Amino acid sequence: MTETKRRRLANILPQGTTNPEPATSEPIAQDATARSEEAPAKAAPAAATVETSAAAQTNRPRFAEFERKEARLRQDQLDALDALARKIKRARKPGAGERITDNTLIRVAVDLLLARQDELTGSTENELRKSVNL
């Protein structure tokens, strides 16, 4: 039997555009060339990765700034997010600003929720929703 290797976006991006810290503690199978290319990035101190120049940040893809978090959403939520993202994209001028995706809207929603965290009360999802007038 042949063993399949897990592919990650970090393995196909140009070197220096990925976070040197792995997102999970799960080991990822890599070939010898990938390991040798990543070794210098892992040897860099953590402080150096935090303090990056503006020039280095412009070469880094926007999604690489974020950590991955899985969430379970209802189908109506997914459809509404997709429709809203498309509506926002159509309403703006071509080439203006960054790309708007479902994930962009989810991050904005999380920021809104965290800004209103003092209003959150309840022990169920419905109670939490009611406490912020949803």
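This report describes the helical architecture of a predicted model, one helix-helix contact and a few individual residues.

The model is predicted, so that local features need pLDDT of at least 70 and side-chain atom pairs count only at pLDDT 80 or more, while totals for chains, interfaces and linings use all residues. Residues are numbered from 1 along each chain as its sequence is written, and side-chain values use heavy atoms, with hydrogens and water left out.

**Overall architecture**

The protein has seven helices and zero strands, where helices (H or I, at least four residues) and strands (E, at least two) are DSSP runs numbered from the N terminus. Read along the sequence, this gives the pattern α-α-α-α-α-α-α. Of the 134 residues in the protein, 7% are buried, a class defined by under 20% relative accessible area, with exposed meaning over 50% and partly exposed in between (1.4 Å probe, protein chains only). Among the contacts with a separation of 6 or more, 38% join residues 24 or more positions apart, a contact being heavy atoms within 4.5 Å.

**Helices H5 and H6**

Two packed helices are described by the angle between their axes and the distance between the axes. The axes of H5 and helix H6 (residues 102–115) come within 9 Å and cross at roughly 100 degrees; axes are lines fitted to C-alpha atoms, for helices over the stretch in contact, and angles run from 0 to 180 degrees between N-to-C directions. That crossing makes H5 roughly perpendicular to H6, a label for angles of 65 to 115 degrees, whereas those under 35 count as roughly parallel, those over 145 as roughly antiparallel and the rest as oblique. On the H5 side, Leu-81, Asp-82, Leu-84, Ala-85 and Ile-88 meet Asp-102, Leu-105 and Ile-106 of H6.

**Individual residues**

The table sets out two residues by place and accessibility.

| Residue | Place | Relative accessibility | Class |
|---|---|---|---|
| Phe-63 | loop between helix H4 (54–59) and helix H5 (75–91) | 44% | partly exposed |
| Thr-104 | helix H6 | 10% | buried |

Although Phe-63 and Asn-103 are 40 residues apart along the chain, their C-alpha atoms are separated by 9.5 Å. Thr-104, for its part, touches Glu-98 and Arg-99, when residues up to four places away in sequence are not counted.

Arg-107 lies over the face of Phe-66, at 3.8 Å from the ring centre; a charge sits over a ring if NZ of Lys or CZ of Arg is within 6 Å of the ring centre and within 35 degrees of the ring normal.
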